[in-house]
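Take a walk through this structure, helix pair by helix pair, then on to the ligand and some unusual backbone spots.

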Amino acid sequence: MTAAELLVRCLENEGVETIFGIPGEENIDVMDTLLDSSIRFLTTRHEQGAAFMADVCGRLPCRAGVCLSTLGPGATNLITGIADANMDRAPVVALAGQAATTRMHKESHQHLDLVSLFEPVTKYSAQVREPEIVPEIVRKAFKQAEAEKPGASFIEFPENVAKMQVEGAEPLLVQSADAPLAPDHKIEQAARLISAARYPILMAGNGVIRARASDDLVAFAEKLNIPVATTFMAKGVIPTSHPNSLGTVGLQARDFVACGFDRADVIVCVGFDMVEYSPHLWHPEKNGKILHIDSSPAEVDEHYILEVGVVGEIGHSLARIAEQADPREGFLAGTLRQVIVDELSRHADSDAFPCKPQKILWDLRQVLKPDDIVVSDVGAHKMWVARMYQAERPNTCIISNGFASMGIGVPGAIAAKLTHPERTAVTVTGDAGFLMNSQEIETAMRIGTSIIILVWNDSKYGLIEWHQLRHFGRSSHIDFNNPDLVRYAESFGAKGYRVESAADLVPVLRQAIADDTVVVIDCPVDYSENMKLTEELGQLVCPI
Ligand SMILES: Cc1ncc(C[n+]2csc(CCOP(=O)(O)OP(=O)(O)O)c2C)c(N)n1
Ligand SMILES: [Mg+2]
C-alpha cells in the first residue's frame, strides 16, 4: 500500500463521505486513490469555496468537513475559509499537497512552509514526514478538530511521501471523549445564585447548538422563568416564537434586548463564545453577576468576571441546575418581548421599493419551512438577518460571526443543501460577497445542488458605508457596479429573477423554491433603513 492509499483509508475510517477541493500536481496520488474509495470528491472552482463548504458542513454538523488543495497558491486560497471555521468553532480538516521532502530545504517552485502558515488559523497543523505516521496524524487531526471547542486541523502531505510504500499500518480506532459532568458543588452554587436573583437573563451561544442541548435550554428557561437572548450563531436555540425568547443580541449598537441586560442582576451565559459579542458591549458597568455554563472554562475578560462557573456537559448542567433552583416569580421577558416582537413585523406590509430589509426577511420567513436553512453572508444584510430573521430551530440560520468573512454565502448554501437535501437552502448575501464566490454556481449546477441566492443589491459595500456614515457623516470608496445578475445566472444555466416591487418578493421566492435548481434573485434593497436604525437605537428609551 502507498502512503496515499493509507491516507484515504484513514479518511474513510473517520467516516468522511465528501471532500471538497481542487486537484493539483502535488496531490495526484491522493486524487487517483480517491477513485477507488467510497469518498465523494467535489471539485470546486476556488479553494476558498471548498474551505467554506467544509466549514458549513462542519457546523450543520456532518462531523468534520474536509477540504483539499495543492501546495503553495492552492493552500493559501484555503486560508480564509479555514480561519473562518476555526474562529467560528466549526470542525474542519484541511489537506494540502506539498513539495517533496528532497526540495523543501531550498528555494523551490511553489514551496511555502504551510505548517507554519496554517498554525495561527488551526488547532493542529502537521506534516506527514513518514508513511507510518499517517494513521496517527489523521486521527489526531480529526480528534482535535471535533473536540470542544471545535475548529480546524491542517495536514501537509509531501508528494514523495505520498508515493512511499508502507506495510502493516492500519487506521486507528475512532474514539472521542465524553464531556465530563460538572461537579455537584458547582451545580448547587449556580442554583443558589439563580434562586436569589430578581431579574435573571440568559444569553445562549453556539456551544448550546454544538452540545445539542437546545431542548435542555428551553426546559431550563421555562422551569425557571428566565428570558433568553441568543447570539447570532445561536439563533434558533430557542424558537423566536417562544414566550421566553428575547430574540438575538450582538449588534454593536444598543438594541432593545440590551435593556434586559442592563436590568439583570444575574446573567446566565450558556455555551457563549466571546468572539461573537464582546462582554464590554453587554456588561459595560460590570455590575451583574455572571453565571458561566459551558463545556470549558471562561476566557479572560475584565467584563466577564464570574460569580459562578459551571464547566461540564451543557445539557446535564442545565437539567441539574433547573432541578435545584427556584423559579422567578415575576417575568422580565413580558414587556420587552412584546417590543421586540412588534419590531419584527413593523414593515411586514411595506410596499416600498427598493425593498426594506425588514420586509425581505419577513417574506423570506413566510415562504420557508421551519427546518429550511438560511446561510447569511457578511455585510449590512447580516445585521438584518441576525436581528430580524425568525429562526425556529437550531442550525437553521448559519451566520459567520467569529471571523465574519464575506464570501461564505454561496458555498455555504451548497454545503447546507448537500448535508440536508430534503430542505430548502437559501443564502442571503450582499452583492459584494456574492461575487466573491459566485463561481461556485458552476459547481452547484454541475453536481445538481439546488440553492437560492437572494442578493441584496445596493451596488455598495453597504455595511462599510453604514459605519462611515455613523463615524464621519460621509462615505468613502464603497461604490461599485454590478453585472446583470439575471443574465449572469443564466450564463451558468441557472435561473435568474429580478424583484421589481415589494409585492414580487413572495411569488418570486415561491417560484425559486419550486424551480429546484440554482436560482439567483436580484433584490434591490433600501439601505437608508441602516441609518434610521442607528438613529432609533441611539435614542432608545428602555421599555422596562
Ligand atoms: C473577506 C472580507 N473582506 C472584507 C470584509 C470587511 N467587510 C465587511 S462587510 C463588507 C461589505 C459587504 O458588502 P456586501 O457584500 O455588498 O453586503 P452589504 O453590506 O452591502 O449588505 C466588507 C467590505 C470582510 N468582512 N470580509
Ligand atoms: Mg452591497
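Contact here means heavy atoms within 4.5 Å. The model is predicted. With that cut-off in hand, start at α15 and α16. Pro-357, Gln-358 and Leu-361 of α15 touch Trp-384, Val-385 and Met-388 of α16. By class, the residues of this contact comprise 5 nonpolar, 1 polar and no charged.

Now the geometry. Two packed helices are described by the angle between their axes and the distance between the axes. Helix α15 spans residues 357-367 and helix α16 spans residues 380-388. Their axes lie 10 Å apart, at an angle of about 55°. Therefore α15 is oblique to α16, since angles that are neither under 35 degrees, over 145 nor from 65 to 115 count as oblique. The α15 and α16 crossing is right-handed.

Just before α15, look at the backbone. The bond between Phe-353 and Pro-354 is a cis peptide, with omega about -5°. Pro-354 sits in the loop between α14 (333-344) and α15.

Step back along that loop to α14. Its partner is helix α11, residues 256-263. The two axes come within 9 Å and cross at roughly 165°. That angle makes α11 roughly antiparallel to α14, because the class takes angles over 145 degrees. The crossing of α11 and α14 is left-handed. On the α11 side, the contact residues are Phe-256, Val-257, Cys-259 and Gly-260. On the α14 side, they are Leu-336, Val-339, Ile-340 and Glu-343. The residues of this contact split into 6 nonpolar, 1 polar and 1 charged.

Next comes the ligand. How many residues surround ligand 1? There are 18, and the closest are Ala-380, His-381, Asp-431, Leu-463 and Tyr-527. Ala-380 belongs to the span of α16, residues 380-388. A backbone N or O atom of Ala-380 is 2.7 Å from an oxygen atom of ligand 1. Gly-433 also offers a polar backbone atom, 2.8 Å from an oxygen atom of the ligand. Tyr-527 uses its side chain instead: a polar atom there lies 2.6 Å from an oxygen atom of ligand 1.

Leu-463, one of the closest residues to the ligand, leads on to α20, which covers 462-472. Which helix packs against α20? It is α23, residues 528-538. The axes of α20 and α23 are 10 Å apart, and the angle is about 45°. So α20 is oblique to α23. This crossing is right-handed. Gly-462, Trp-466, Leu-469 and Arg-470 from α20 meet Asn-530, Met-531, Leu-533 and Thr-534 from α23. The tally for the contact of α20 with α23 is 4 nonpolar, 3 polar and 1 charged.

The loop ahead of α20 holds a backbone feature of its own. Ser-459 lies between β16 (452-457) and α20. Its phi is near 50°, a positive value in a residue other than glycine.

One more cis bond remains. Where is Lys-149? It falls in the loop between α6 (134-146) and β6 (152-158). The peptide bond from Glu-148 to Lys-149 is cis, and omega is near -20°.

Methods:
Residues are numbered from 1 along each chain as its sequence is written. Chains are lettered from A and ligands numbered from 1 in the order in which they are written. This is a predicted model: local features need pLDDT of at least 70, side-chain atom pairs count only at pLDDT 80 or more; totals for chains, interfaces and linings use all residues. Side-chain values use heavy atoms; hydrogens and water are left out. Axes are lines fitted to C-alpha atoms, for helices over the stretch in contact, and angles run from 0 to 180 degrees between N-to-C directions. Helices (H or I, at least four residues) and strands (E, at least two) are DSSP runs, numbered from the N terminus. A crossing is left-handed if the near helix is turned anticlockwise from the far one by less than a right angle, and right-handed if clockwise. Ala, Val, Leu, Ile, Met, Phe, Trp, Tyr, Cys and Pro count as nonpolar, Asp, Glu, Lys and Arg as charged, and the others, Gly among them, as polar. A residue is near a molecule or strand if one of its heavy atoms lies within 4 Å of it. A polar contact is a pair of N or O atoms within 3.5 Å; within protein, one must be able to donate a hydrogen and the other to accept it, and residues adjacent in sequence count only if both atoms are side-chain atoms.
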